[in-house]
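Work through the exercises below with the sequence and the structure open. Each task is followed by a solution in steps.

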Amino acid sequence: MKVAKAKLEERITPRDLREKGVDYILDKIRRSDGYYITNTERDLSQSDFKNRIMPHTQILVSEERNDAGYFSLEITGGASVHVDMLRKQINPLEKLEVLSAHMPDTMFQNLCRGINLFGYRPYPENVIRLTVRTFARYVHVWRVFDFLNYVPNMIPVFEEVKAAGCILEPCLCFSTGPEHTDKFYVKKVGELLDVTGEDIVLCIKNHGGVGTSKRIGGLVRAILDKYPDLVVHYHGHNTDGNDIGRIIEAVRNGAKIVDAGDHAFTGFYGPPPILTVIDTLEEYGHRAVGIDRQKVIDTSTKLRPQRECYKDFESQFFGFDPTVQTHKLPGGATGSSFEQAGKGGFLPLMPEILQKELPKVQKELGNWWSVTPGSQILWTTAVNNVLKKERYKDANDDLKNLMLGRYGDLPFYWPSDEIYASVFGPDWKETVEKEKGYQKIVDVDIEIEKRVLEQRLGRSVTEDELVLYLQHPNDAVNFFKFEEKYGKTWVLPPEIWFKKGGFNLGEKFKFSDAFGKQHIIEIGSKRKTKSGDVVTYLVIDHHPEPILTEMEQEAGGVRKKITLTAKEIDALAKSGDIRSTLKGTVNEIPVSEGGDVSAGQVLIVLEAMKMLNNVISEINGKVSEVLVSPGDEVDTGDSLVIIEKSD
Amino acid sequence: MFKIKKGKAMVKKRKIQKVLIANRGEVALRIIRTVKELGLFAIAVYEKPDSEALFIRFADDAILVGDGPRKDYLDPDRMIWAAHISGADAIHPGYGFLAENAEFSAACEKAGIVFIGPSSDVIQDLGNKVKAREIMKRAGIPFIPGTDNLSSGDKGIDETVEFGKNYGYPIMLKASSGGGGKGIRKVENESDILVQLPLARAEALSAFNDEKVYVEKCIEAPRHVEVQILADHHGNVIHLGTRDCSIQRRHQKLLEIAPADLPADVLETMHETAVSAARETNYTNAGTVEFLVNSKTNDFWFMEMNTRLQVEHTVTEILTGVDIVREQIRIAEGEALEIPGERVQLMGKAIQVRINAEDPKNNFWPEGGKRVEVYQSPGGHGIRLDGMVYQGYKIPTEYDSLLVKMTVRGYNWEQTIQRLRRALNDFLIVGPETTIPFYLAICDEPDFHKGKFDTSYLDTHPEIFNYPEKEREVAGLSKLIAEIHAKKTNPYAY
């Protein structure tokens, strides 16, 4: 390692955690004469690049980042587990395995939504525990929150994180308003410590980047006055352009760890630049412990040319948004909200939604914390209220569940009766009385889920695959199928992955595959086939090879797709709609229209593969229609005979 | 020792000028090639769905015989009509279709057209398997226990039951006019007869226009070995060695090897048996005597004699250097064989594989309707290709799914397998699934290497079907890059 020895000794590494344990690390942080930095790669990617930063880019700067000396690299969790599978086509666990091999001296951190894990709704407890155990192989620091700051929602995760020997970092979700007093938050810290004990890192999670620097400094001070030995980690967003200010005040008031990002990729809604934090605090007499400043610069120097590849995923609106102080949208959701507004055609309504309706809804529903999944509930409700021109009409189930207390108690107050009436109708009182209460999610039978997954994939599955399936079933299955077809494509650089408009003739790419083998691929000519598909000639490792790409045909196209499964054909047969189970030729039709048939009678003889196959009636009835004649070619699923069922 | 007999006074010689090939696909092209080498005029016939077929391009003339599919190729009158309008004085029937149709042979003779094959009497006798058995029995040739043609209706069922009682199960139901694996059904027990017999009859009727079937004792897991025969009108009969066709799927040959791996004395007896079978039947032209061989004892039994060119004749040709079609034409002209039997040498080992547009993993389902978007074939020493495929070829749904037959020859078994593997890997076929990966899996299978295989090979080696779908990581990546290029965006990223 090229890292200076003194720096290395100040650092906290996965090895320290493994060999010396959580208490040793917390002590080391407390005793240090400065503060530590977490590089929030994942949050930057989610807030400013719609979660699309590719493993290729992460690997590209893995050495510099590993040598830079961060407390941790926040690299997974949040929405990234989902997007890894959905849009990056990488197994989120494999990503961590690969990256940790590249960055052996840096602890990995995640963001876990408590009972909602890395998703948007509560998971059963056995799924939560299995998931945490699985991710704990790679994730050393677990940042855990609940959007209602409702402690019971986080307990299973807390327990598993501790059992796995990882560093637990419970969050205080932070917001502003008359209820959000220091007193409230200090009391909340007490509630957390009651269940976790003091061997934790406490995170002030300022997902919206709200409040002033003075306010954050005051909060840190209030917490430390009550719990002086607590290690406080400040996390914020730079949406209003002032997160540096908040970070400075947090550290000046005793926070020991802060979040920031690589300046080559900083945008408007994510973390502020690491280097600015280091240099500013330096003048205040606070030292970034373990940090190699030059490596921080080197990382961004190497990253800068990559940003071009991600321009499609940057915000549609450039510029900071200080109005976040009223609409409080979390940085991680701002980009996607604008994207949704663009796609939904209501961009012009955004000022009304953000500045008027969203703050109003926020207050009406209880002024709790606008973060997943609460931020989605607030956002959707505000958009609906504006678009439908009638407030709280057709509320979705998430809002209903929330108002029924199923996600936990609201911290300050419940919505007004008028809102209950709009959401649940005139009989709202009965409904609420009958249904109100915390919703405990019943455990799933994990063995059954495993068998279902195996059936869907037609092969045996690993426990990692099962864990991913339990998070996002359909998207996980699609990803596994993708991987079966294309292999490990996350090795591809973003200039290939996100290319639009096709490549240039003669363009050449060099990359290593997941097994370390180097490849050179050169783009050759391309032609359309008679059936409308495309053959592309690629020079693969010096061998020219043509590759066929099947193109989706437009509606009414010539391609005929088999849409019926054997099961569906069988089901139709039982109802009298007899279809071919194979591709072949009609050899003989022993029945005729109007004739009676009984179950077991041969309806049609099909010839396929030089063999005769009987199509047998499964029911009694009358032949109402014969749709083929001898010699006809039939395909799987084609209609043969219609039988009118007799009773 | 055998001496070439020449110029028997009674043999009528007739010089052929124009040969009509009453067939399609790769065999039509194969015959056209030899016809042209002999300096003769090659006339192709084709049904409408074959309008873009490769063989037509190589013929000197081509006659459209109808809309098909199959029925016009099977129509003797259309073929004779085509011969008349094109001025053909001979017809080569190839294999399948009219090749073993005695009436067609007779009709040619009647129309003054030389039928390149045995006389209609011989086809009649040998084509009727029951009659063939009688002849062979007379000649003292060992044969498998079996019945005469079954009576029609329920009486046939009784006869089958009776046979099963006497000889035990399993038994085989075979179409009397059958061949090429068609019209064969295995019966496992007495109650199965009621199911299988009507199907066997129907199949026989549909395929051969003759619903007669007979019963034969089923020899379990035998080897299938055949001897290639050439016989002229001067009484000369020679053999061109054996072929092992044991590797089959549902009685359809997939891969053929020449010569069969049998002890020299067994081979010699088998050759002699085949030659005497041909003599006994007054056989002329090219023919094949098929034997079933007990894999353990090497005992063998006569199975049937095919009165036509075989699909797998290429393995014999590559091994001996003899052009069987050339000899067929010369024999048909009344010429005496030029090659003395002792001059026939079997040089090394040869394997033929049938590369079909089929998905081996999906029960060899034909890929009919798909187009071969890219086709590049292997070449080099010891490789022979007989095909109907070309870049842009659409796999017909009307006919079979054969793309190309590849025959490879090597100095010994090991080299031949190595060459086969190399050549299979050199194929580049984009579009349909093919049987190539299946053959590659066989190339790597240890029992095949040791020469240990019989007709149960595919059933006893299911692992062959577990070949990996994708051999290289870069193949998947390339597929994706091509897709991003073709679709102008990555559908898996946005």
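The exercises that follow concern a predicted model.

**Exercise 1. The barrel of chain A**

Task: Describe the closed barrel of chain A, giving its strand order and the sense of its pairing.

Solution. Step 1: the barrel has eight strands, and they follow one another as 1-2-3-4-5-6-7-8, with parallel pairing. Step 2: on average, neighbouring strands of this sheet are turned by 30° against each other, direction ignored.

Task: Take strands 6 and 7 of chain A and work out how they pair.

Solution. Step 1: strand 6 covers residues 201-206 and strand 7 covers residues 231-236 of chain A. Step 2: six bridges link the two in the parallel sense. Step 3: Ile204(A) lies opposite Tyr234(A) of strand 7, and Lys205(A) lies opposite His235(A) of that strand.

Task: Which residues of strand 7 of chain A lie on each of its faces, and are they buried or exposed?

Solution. Step 1: in a regular strand, side chains alternate between the two faces of the sheet. Step 2: on one side of strand 7 of chain A are Val231(A), His233(A) and His235(A). Step 3: on the other side are Val232(A), Tyr234(A) and Gly236(A). Step 4: the residues named on both sides are all buried, so both faces of the strand are covered. The count agrees, with six of the six residues of strand 7 of chain A buried.

**Exercise 2. An open sheet of chain A**

Task: Find the edge strands of the four-stranded open sheet with the order 13-20-18-15 in chain A.

Solution. Step 1: the pairing in this sheet is antiparallel. Step 2: strand 13 (577-579) and strand 15 (596-597) of chain A each have a single partner strand, so one side of each has no neighbour in the sheet and they form the edges. Step 3: strand 18 (residues 621-626) and strand 20 (residues 639-645) of chain A run antiparallel and are joined by five bridges. Step 4: within this pair, Lys622(A) has Glu644(A) in strand 20 of chain A as its bridge partner.

**Exercise 3. Nonpolar cores**

Task: How many residues does the largest nonpolar core have, and which have the most contacts inside it?

Solution. Step 1: the core has 111 residues. Step 2: the residues with the most contacts inside it include Val19(B), Leu20(B), Ile32(B), Ile91(B) and Ile229(B). Step 3: domain 1 (18-124) and domain 3 (349-494) of chain B both contribute residues, so the core lies between them. Step 4: apart from this core lies another, of 109 residues, among them Phe147(A), Cys171(A), Val210(A) and Leu470(A).

Task: List some of the residues that Ile229(B) touches, leaving out those up to four places away in sequence.

Solution. Among them are Val237(B), His239(B), Ala274(B), Ala278(B), Tyr283(B) and Val289(B).

**Exercise 4. Where the chains meet**

Task: Describe the side of chain A that touches chain B.

Solution. Step 1: 45 residues of chain A are in contact with 29 residues of chain B. Step 2: the elements of chain A that give two or more residues to this side are helix 24 (473-486), helix 25 (494-497), strand 10 (518-528), strand 11 (534-540) and strand 12 (543-549). Step 3: by residue class, this side of chain A divides into 20 nonpolar, eleven polar and 14 charged residues.

**Exercise 5. Backbone exceptions**

Task: Where are the cis bonds before Pro373(A) and Pro259(B)?

Solution. Step 1: most peptide bonds are trans. Step 2: the bond from Thr372(A) to Pro373(A) is cis, with omega near -5°, and Pro373(A) sits in the loop between helix 17 (350-364) and helix 18 (374-387) of chain A. Step 3: Ala258(B) and Pro259(B) are also joined by a cis bond, with omega about -15°. Pro259(B) is in the loop between strand 11 (252-258) and helix 9 (264-280) of chain B.

Task: His542(A) and Phe97(B) have a positive phi; decide whether each is buried or exposed.

Solution. Step 1: His542(A), with phi about 75°, lies in the loop between strand 11 and strand 12 of chain A. Step 2: His542(A) has 7 C-beta neighbours inside 10 Å, so it counts as exposed. Step 3: Phe97(B), with phi about 40°, lies in the loop between strand 4 (90-92) and helix 4 (102-110) of chain B. Step 4: Phe97(B) has 21 other C-beta atoms within 10 Å, so it is buried.

Technical notes: Residues numbered from 1 in each chain as written. Chains lettered and ligands numbered in written order. Predicted model: local features only at pLDDT ≥ 70, side-chain atom pairs only at ≥ 80, totals over all residues. Core = buried A, V, L, I, M, F, W, Y, C linked by C-beta atoms within 7 Å. Buried ≥ 20, exposed ≤ 12 C-beta atoms within 10 Å, placed from the backbone. Domains from an automatic or database assignment. Contact = placed C-beta atoms within 7 Å. Pairing = 2+ DSSP bridges. Axes fitted to C-alpha atoms, helices over the stretch in contact; angles between N-to-C directions. Nonpolar A, V, L, I, M, F, W, Y, C, P; charged D, E, K, R; others polar.
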